[in-house]
Structure formats: structure tokens, C-alpha cells
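This report goes through a protein chain from its sheet and helices to single residues. Please keep the sequence and the structure in view while reading.

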Amino acid sequence: LDDLPTVEERLPFIRQSAFLRGRPYFASSVPLLASTGCPYSCDFCIDWSSKYRVLPLERLKADIDFLAKHYPGVMVSFHDPNLAAGWDTVLDLLEQVPAGSRSPTVVESSLASLKSPDRLRRIRDTRCAFIGVGIESWAGYSRKAGVGAVEGAAKVPLVVEQMRTVAEYVPYLQANFVFGLDVDEGDEPVEATKEFMSQAPFAWPAINIPQPFGNTPLHAHWLAEGRLLTTMPFYFYQMPYLVTIPKHYDPMTYYAKMFELQAHATSLGLLRRRLATTSHRLVQAMHITRTFSIRRMLATFRHTLESWKRDRQLLAFHCGETTTLPEVYEGILRRSLGRFAPLLSRADLTPLTPAVG
């Protein structure tokens with residue numbers, strides 16, 4: 001990818017997808033891309049081998065100027081995998097916009113790139129409203145968190161302290177976790193994440209099941225070890241479904257621990273503490289909305305665990321003892337396809353898995 005159409009060129013599509021009746025409203029967000037690739041090489045990420053590259057600055061400046069002139073104040077979402085190496089470049093352009101016309105921004109970034117007080121001040125002054133930070137796991141990926149080689153429970157207070165600092169400059173923070181990677185084992189990852197949530201209630205914890213996307217080291221490794229559910233349709237490569245066999249947990253134990261994490265994250269006690277950390281009404285509304293959205297997902301986790309207890313064949317599939325796709329999953333997928341379901345056979349729904357070796 002070398003370049004993208006400008007916002008002005010994309011405007012007819014933005015009006016349809018992000019605006020209401022052609023005009024921006026409080027939830028509107030205009031997508032931008034300042035760079036591609038990532039300076040890190042996380043084994044679960046599709047950008048693990050993508051070299052970081054800044055896209056043409058002339059186009060980005062034209063987009064920022066167009067939005068400041070025609071849609072001042074409308075949210076801008078940077079879809080860069082990680083703005084870590086491009087912060088200063090983007091900030092230089094945002095600072096050229098008069099303060100009264102600046103748009104609030106949404107970005108993803110590594111915590112290691114958010115240690116400079118000067119950069120944090122610039123981030124605040126250019127109206128950054130949301131930063132999603134990739135913590136990933138307490139047992140690895142520490143370079144992204146900027147804590148050196150520290151891992152495990154000892155990593156928690158260091159990350160919490162840095163997140164507290166960033167929270168002084170940015171209204172809404174999200175901490176991204178992937179639970180169930182090969183580095184995760186025993187109770188420590190769960191207890192450490194719960195401790196983080198309790199110490200940093202201002203940061204929304206997004207806890208994800210690892211998805212073995214194609215052409216990632218994670219996919220190749222788990223495929224070679226026979227830990228992919230190779231007949232599970234790609235539709236299920238999303239929360240709250242498990243499409244792999246965890247290394248250090250049996251499926252029921254893993255799912256029970258994931259339920260425990262999500263239940264803690266959405267407890268009403270923690271919600272009250274979150275709401276008390278901010279007076280920003282929109283942030284409070286987001287906390288409430290996301291809490292009850294995930295709490296609805298808890299019913300799916302509970303139902304899945306009960307189903308595995310009742311149905312030996314269903315559990316055998318998740319343990320890798322059979323490759324026959326349970327009818328329950330085909331039913332879920334076909335309901336999602338609606339009237340298009342008859343167009344696809346079971347063979348059409350089965351992933352084509354590359355040969356091992």
C-alpha cells in the first residue's frame with residue numbers, strides 16, 4: 001500500500017457509513033491512515049513482518065486541513081496498527097491546525113512510546129481523545145510496554161504507573177490483552193490482569209482470545225503442533241469463540257478463566273470505581289455501554305461451558321479428538337448468513353489449511 005484516496009475523494013462513502021443522513025453526529029468518526037506496518041513483531045499479529053512506513057505526508061496534511069475546514073470537531077480515527085514510530089510526524093501536522101478547529105483523535109500505540117512528557121503534552125493539546133495500548137500478556141511482549149525484561153506479576157505496578165501518567169493527558173484509555181498465548185500458564189495471568197483492572201479502573205480492559213490469523217508465526221506454530229481446529233469456519237475467528245487448543249489449559253479450564261476475567265472486568269463494583277475516575281460524560285457513557293455489552297457476552301460463555309459439560313462430542317472437538325464440525329457451529333454460521341446460507345455448502349465453509357512442513 002503506497003497511498004489512499006483523500007478524505008475529500010472518499011466523502012460520499014463517509015457520508016453513507018459514518019454520518020447520519022449525510023451529516024456528522026456525536027458518534028461520527030472519519031477513518032485516516034498515516035502509516036502502515038509496525039515496529040514490533042508480535043507473533044499473533046498480521047503486521048508482524050510489515051515494515052513500518054509513513055504514507056505520503058502531503059495527503060495526510062490535505063486530509064487534516066479538509067476536516068478542520070469543513071468538519072471541525074468531528075472525531076478522527078487513525079487506523080494505523082501502531083502509531084508508535086509516527087507520533088511526532090502526525091503531531092507536527094495536527095499542531096498546524098488552529099486550536100479551535102482541531103478534531104478529537106483516536107489512535108493505537110505502544111505504551112513504550114508514551115513515556116515522554118513533552119510528547120504527552122502535545123498529544124493532549126492536539127485533542128487526542130482515546131488511545132488503545134497493547135499490553136498483550138504479562139509473561140511476554142514487555143518491550144512494547146517499555147518495562148525492559150520485567151515479566152509476570154512484577155510487571156503490573158510498572159504498567160499501572162505508566163497508564164496513570166498517560167491518563168492525565170488522555171480522557172479515555174484502553175488496555176489490550178490477549179489471554180491464552182503460549183506464554184500464559186496457570187493462575188498468574190488471570191490474577192495479574194485482575195490486579196491491573198483493580199489498580200487502573202480508568203483504563204478499559206479489552207481481553208481477547210488469540211486468533212490464529214493466516215501468515216502469522218502463531219498460525220504456523222499452532223498448525224505444526226496440531227492445535228488449530230482446522231474445520232472451524234473463519235467466521236468464528238472472533239470473540240467469544242475458541243478455535244485453537246491452548247497449550248497450558250484444557251478448553252474448559254481456559255474458558256472458565258476467560259469468563260472469570262470478563263466477569264471481573266464488568267463487575268458493578270468496578271464500574272462504580274471507573275465512573276468515579278472521570279467527570280467526562282461521554283467517557284462515563286462509554287464505560288456503562290461497554291460494561292453491559294460484555295455482560296451480555298457472559299451469557300454466551302456460561303452457555304458454552306454448560307454445553308461442553310453436557311455434550312461429549314462437542315468437548316471432544318475442542319480437545320482435538322475429532323475434526324467433525326459440531327452442528328451447533330454450522331447452525332450459528334448459517335443463521336448469520338441469513339437468506340444467503342443456501343449458497344454455501346459445508347465444504348465451502350471449511351477453511352483450506354496449508355500443508356505442514
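## Helix crossings

A crossing of two helices is called left-handed if the near helix is turned anticlockwise from the far one by less than a right angle, and right-handed if the turn is clockwise. In this model, which is predicted, the crossing of helices H10 and H11 is right-handed. H10 covers residues 268-276 and H11 covers residues 281-310, and their axes come within 10 Å of each other while crossing at roughly 165°. Because angles over 145 degrees count as roughly antiparallel, H10 and H11 are roughly antiparallel to each other. On the H10 side, the residues that meet H11 are Leu 268, Leu 271, Arg 274 and Leu 275, and they are met from H11 by Gln 284, His 287, Ile 288, Thr 291, Phe 292 and Arg 295.

A second pair is formed by helix H3, residues 87-94, and helix H4, residues 117-125, which pack at an angle of about 40° with their axes 10 Å apart. H3 and H4 are therefore oblique to each other, and their crossing is left-handed. The contact involves Trp 87, Asp 88, Leu 91 and Asp 92 from H3, together with Arg 119, Arg 122 and Ile 123 from H4.

## The sheet

Six strands make up an open sheet in the order S1-S4-S5-S6-S7-S8, and their pairing is parallel. The edges are taken by strand S1, residues 29-32, and by S8, each of which pairs on one side only. From one strand to the next, the twist averages 20°. In general, strands of a sheet pair through backbone hydrogen bonds, either parallel or antiparallel.

Towards the S8 edge, strand S6, residues 128-136, pairs with S7 in the parallel sense over six bridges, and in this pairing Tyr 172 of S7 is the bridge partner of Phe 130. Strand S7, residues 172-178, is in turn joined by six bridges to S8, and these two strands run parallel, with Phe 177 standing opposite Ile 207 of S8. Although S8 is an edge strand, S8, which spans residues 203-208, is mostly covered, with five of its six residues buried.

## Helices that accompany the strands

The connection between S7 and S8 includes helix H7, residues 188-199, and the three elements together make a right-handed β-α-β unit. At the S1 edge of the sheet, helix H2, residues 57-70, lies across S1 and strand S4, residues 75-78, and runs at about 170° to S1.

## Backbone features

Most residues other than glycine have a negative phi, and most peptide bonds are trans. Glu 136 has a phi near 70°, a positive value in a residue other than glycine, and Asn 215 likewise has a positive phi, near 65°. The surroundings of these two residues can be set side by side: Glu 136 belongs to strand S6 and counts as buried because its relative accessibility is 7%, whereas Asn 215 is placed in the loop between S8 and H8 and counts as exposed because its relative accessibility is 73%.

A further backbone feature is the peptide bond from Met 239 to Pro 240, which is cis, with omega near 5°. Pro 240 is found in the loop between helix H8, residues 217-224, and helix H9, residues 251-265.

## Two residues in their surroundings

Which residues does Thr 291 touch, not counting residues up to four places away in sequence? They are Trp 204, Thr 266, Leu 271 and Arg 274. Thr 291 lies in helix H11 and is buried, with a relative accessible area of 0%. Of these contacts, Leu 271 and Arg 274 are also among the H10 residues that meet H11, while Thr 266 is 25 residues from Thr 291 along the chain, with the C-alpha atoms of the two separated by 5.0 Å.

Glu 8, by contrast, sits in helix H1, residues 7-17, and counts as exposed at 53% relative accessibility. From C-alpha to C-alpha, Glu 8 and Thr 244 are 43 Å apart in space, and 236 residues apart in sequence.

Terms used. Residues numbered from 1 in each chain as written. Predicted model: local features only at pLDDT ≥ 70, side-chain atom pairs only at ≥ 80, totals over all residues. Heavy atoms only, no water. Buried < 20%, exposed > 50% of the residue type's maximum accessible area, 1.4 Å probe, protein only. Helix = DSSP H or I, 4+ residues; strand = E, 2+ residues; numbered from the N terminus. Pairing = 2+ DSSP bridges. Right-handed = clockwise from strand over helix to strand, strands pointing away. Axes fitted to C-alpha atoms, helices over the stretch in contact; angles between N-to-C directions. Parallel < 35°, antiparallel > 145°, perpendicular 65-115°, else oblique. Contact = heavy atoms within 4.5 Å.
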